Structures are given as C-alpha cells and as structure tokens.
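Here is a structure to read through by asking what its descriptive terms rest on. Please look at it before going on to the answers.

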Amino acid sequence: MAVESEHLDTLAIHAGQAPDPVSGAVMTPIVLASTFAQDGPGVHKGFEYARTGNPTRQTLERCIAALEGGAHGVAFGSGCAAMTTLLHTLRPGDHVVASDDVYGGSFRILDKVMRPLGIETTQVDMTDPENVARAMRDTTRMLWVETPTNPMLKLVDIAKVAAIGRARGATVVVDNTFATPMLQRPLALGAHAVLHSTTKYLNGHSDVVGGVVVTSEDALAERLRFLQNAIGAVPSPFDCYLVLRGLKTLPVRMERHVKSAGAIAEWLEAQPNVARVIYPGLSSHPQRALAERQMAGPGGMISFVVRGGLPAARALLATVRVFCCAESLGGVESLIEHPAIMTHGSVPADARAALGIDDGLIRISVGLEALEDLRADLAAALAAAARA
Ligand SMILES: *Cc1c(COP(=O)(O)O)cnc(C)c1O
C-alpha cells in the first residue's frame with residue numbers, strides 16, 4: 001500500500017509508490033518491456049502494450065496527480081506534447097482564450113498547429129480578468145492560463161478567471177510549470193486541468209524533457225487517456241523514473257529556490273545599473289498582493305532590465321561563470337538568458353515591445369548554489385555591463 005498523507009513533502013516521496021511486490025525494491029523499477037504477457041486473450045495484470053500503459057509511467061502519473069490534488073495524471077514526452085494532446089480534445093470551430101505572454105512554444109502550437117486545424121485563439125492580458133470575459137465567444141471551449149508568465153512574471157487570478165470559464169462552460173487549463181504544486185495549486189482554485197513541463201522544476205535536474213496533465217474531471221481524463229494512446233506522444237520509462245526521482249526533493253528544492261531568488265531580487269533592486277527588477281515577491285511588483293494570496297512563495301524566476309541595452313546585456317551574459325547562459329529553467333543549476341534573442345526570439349519585435357521584452361531584459365532561474373557565489377557572479381557581470 002502506498003503511504004497516504006495530506007502533506008506534499010510526504011506525497012512527493014511516496015504518492016503512488018510502494019516497494020516492488022516482486023523484489024522488495026524500495027525505488028520504482030524502470031520497466032522497459034514494450035509488451036506484457038497475457039494469461040489468455042484480454043486477461044492481463046493491467047498492462048498490455050507500453051504506449052497504452054507502463055508501470056513506471058503510471059507511478060509517475062499518480063505521484064504528480066497527488067501533488068496537484070487531482071484524481072488523474074496523464075504523462076507525455078514533453079510539455080508541448082501534453083499541450084498538443086490536451087488541445088486535441090477540441091474540435092474545428094472551437095475557440096480558445098489564452099494569456100498574452102504564454103510560453104513561446106505554447107504560442108507556436110496555438111498559432112501554427114491548432115489555428116490551421118480550425119481552432120482559433122484570442123490572446124488577452126489576463127492580469128485583468130475582465131479582458132477574459134470580453135474575449136469569450138459562444139464557441140469558446142478552453143481558457144489557457146499561464147501564471148506567473150514568462151518572462152514578465154505577470155500573475156493571473158486563477159480563481160477569478162476559472163469562475164468566468166466555468167460560468168460559460170469552457171475548460172480552464174493552468175500551465176503551472178513556473179510555480180509547481182509546492183507554490184500554487186490551480187485545481188483547488190477552480191481550474192479543470194493543470195499542465196506541467198516536467199522538464200523544468202518537477203524533474204529539476206535538466207536531464208529530461210517531459211510533460212503531464214492532471215485533472216479531477218473523469219470525462220476529460222478518459223478522453224486524454226484515449227488521446228495519449230491514440231496520438232502516442234508518451235514518455236520513456238527511464239524518463240518517468242528520472243522525474244519520479246526528481247520529485248522526491250521538489251519540496252526542499254522549491255524552498256531553497258524561493259529563498260535565494262528573494263534575496264537576489266532584493267539585491268538586484270539596489271544595483272545602480274539595474275533599471276528594473278521583476279519578481280512577484282518584491283513590493284515593487286504590481287501584483288504582490290495576489291502573489292501572497294494565491295501562491296505559497298513567489299518562485300525561483302527573476303527578470304531584470306540592465307541599463308545600456310543590448311551591448312550591456314551581451315557583456316553581462318559573457319561574464320557570468322556560475323550562472324550558465326542557456327534556455328530552460330527550474331534545474332539545480334542557475335541559468336541566465338536573454339529573452340529577446342533566445343527564448344522569445346521567434347516573437348515578432350513589435351509584439352515583444354508590447355509585452356515589455358526590452359533588449360536589456362535578462363531572465364534568471366535561480367539554482368541551488370551558495371547565495372554568496374550567485375551574488376558575486378552577478379556583481380562581476382553587472383560591473384562588466386556597466387563598462388560595455
Ligand atoms: C518549457 C515550457 C513548456 C514546454 O515544455 P517542453 O517540455 O519544453 O515541451 C510549456 N510551458 C512552460 C511555462 C514552459 O516553461
């Protein structure tokens with residue numbers, strides 16, 4: 001029997017997991033078999049073919065579902081695969097309302113994959129829930145919410161937006177990749193489904209690409225399981241094992257990510273050549289009250305604008321040694337990147353400007369290294385930026 005608990009610290013380690021009944025192995029075995037023996041046609045132990053179901057994957061799905069407080073988890077080969085599969089619950093003619101600064105890959109799926117299939121999306125600034133209500137059509141079947149957003153770290157009031165969606169019969173989905181269930185639990189706030197790129201904090205070690213959807217809606221879960229098997233964008237058993245392993249330390253990792261990010265955000269705000277720091281835990285963040293109400297902590301991501309534009313940003317990124325200049329986020333190691341050129345390079349310049357993605361904007365994912373080393377690294381890089 002798996003351990004039961006109300007505490008996420010315990011669930012992260014035990015939910016869905018029990019010592020292997022065959023060997024007593026304490027850790028979930030990696031079951032690589034593509035097919036499972038049947039005693040007779042259709043008589044089996046719950047597994048037939050590994051695209052349809054795999055024990056390692058099932059354990060992962062149950063663990064993440066427990067952390068999000070949902071009944072069903074459905075795992076995929078990437079966050080984008082999870083999103084694309086979820087969007088396949090829609091039909092041509094259906095309409096989606098999405099946050100205006102969703103993850104670049106999410107925008108690409110909505111705009112370049114779903115739109116040609118007849119599923120149109122309207123993007124709005126969801127920081128004002130009224131914008132969502134105004135964008136709703138009779139055909140609106142899904143709200144796609146990302147909070148905090150990337151890279152501007154805007155927040156969306158999940159409870160308010162979920163109420164608007166529910167009143168109109170639209171499925172409310174929250175991409176909870178940035179916050180993780182440790183800091184924010186969208187299902188409890190009224191969302192129908194939560195999506196994660198497990199590539200980020202849930203795995204936390206920058207060595208897996210994966211995704212998951214969690215829901216308590218039985219009909220949605222049944223459709224997702226059908227599509228998971230039919231479309232087949234499933235994760236490998238080894239990747240499922242790695243995410244399960246990463247999850248065990250998610251609670252302690254998030255605690256440290258939040259603590260170090262808070263200290264660095266405050267320190268950055270005091271630096272003369274930093275024009276602006278965006279972090280939901282700072283009193284300068286316009287939605288700090290919402291962050292305190294909706295989140296258990298402001299997260300491990302910080303965006304800031306270095307004075308001096310692109311040359312200063314380039315000098316800063318060329319100087320860091322502890323921070324690694326790379327895309328992605330949520331790993332144990334600290335990462336730094338330039339959204340205008342890197343993660344959001346595919347967003348047209350005018351759209352970038354409208355969102356506030358300045359050429360001096362830098363995004364950091366604060367890792368678990370010593371705070372002193374991280375601060376010293378940024379201090380040296382800011383000094384180089386000032387000379388650029
Ligand atoms: C990375 C990311 C995704 C996409 O996930 P992949 O695992 O890279 O496919 C979706 N949403 C957010 C917020 C992300 O950061």
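What follows is a set of questions and answers on the ligand, the sheets and some backbone details.

Q: How do you know what kind of model this is, and which residues count?
A: This is a predicted model, in which local features need pLDDT of at least 70 and side-chain atom pairs count only at pLDDT 80 or more, while totals for chains, interfaces and linings use all residues. Residues are numbered from 1 along each chain as its sequence is written, and side-chain values use heavy atoms, with hydrogens and water left out.

Q: What makes a residue one of those around the ligand?
A: One of its heavy atoms must lie within 4 Å of the ligand. There are 13 residues around the ligand, and Cys 80, Asp 175, Ser 197, Thr 199 and Lys 200 come nearest.

Q: What makes the pair between Asp 175 and the ligand a polar contact?
A: A polar contact is a pair of N or O atoms within 3.5 Å; within protein, one must be able to donate a hydrogen and the other to accept it, and residues adjacent in sequence count only if both atoms are side-chain atoms. A side-chain N or O atom of Asp 175 is 2.6 Å from a nitrogen atom of the ligand, so the pair meets the limit of 3.5 Å. Oxygen atoms of the ligand lie 2.8 Å from a backbone N or O atom of Cys 80 and 2.7 Å from a polar side-chain atom of Lys 200.

Q: How do you know how much of the ligand the protein buries?
A: Accessible areas come from the Shrake-Rupley method with a 1.4 Å probe; for residues, only the protein chains shown count as cover. The ligand exposes 380 Å² when taken alone, and the protein buries 93% of that.

Q: Why are E1 and E3 said to stand at the edges of their sheet?
A: Strands (E, at least two residues) and helices (H or I, at least four) are DSSP runs, numbered from the N terminus. Two strands pair if DSSP finds at least two bridges between them. The sheet is open and mixed, with 7 strands in the order E1-E7-E6-E5-E4-E2-E3. E1 (72-76) and E3 (120-124) each have a single partner strand, so one side of each is left without a neighbour in the sheet.

Q: What makes E2 and E4 a pair?
A: E2 (residues 95-99) and E4 (residues 140-146) are joined in the parallel sense over 4 bridges, and the definition asks for at least two. Val 97 stands opposite Leu 143 in E4.

Q: What makes E8 and E10 edge strands?
A: Their open sheet has 5 strands in the order E8-E9-E12-E11-E10, with mixed pairing. E8 (274-278) and E10 (324-325) each pair on one side only. Within this sheet, E11 (residues 335-337) and E12 (residues 361-365) run antiparallel, joined by 3 bridges, and Ile 336 stands opposite Ile 364 in E12.

Q: What is unusual about the bonds before Pro 148 and Pro 151, and about Leu 153?
A: Most residues other than glycine have a negative phi, and most peptide bonds are trans. The bond from Thr 147 to Pro 148 is cis, with omega near -5 degrees, and the bond from Asn 150 to Pro 151 is cis, with omega near 5 degrees. Leu 153 is not a glycine, yet has a positive phi of about 55 degrees. Pro 148 lies in the loop between E4 and helix H6 (158-167); Pro 151 lies in the loop between E4 and H6, as does Leu 153.
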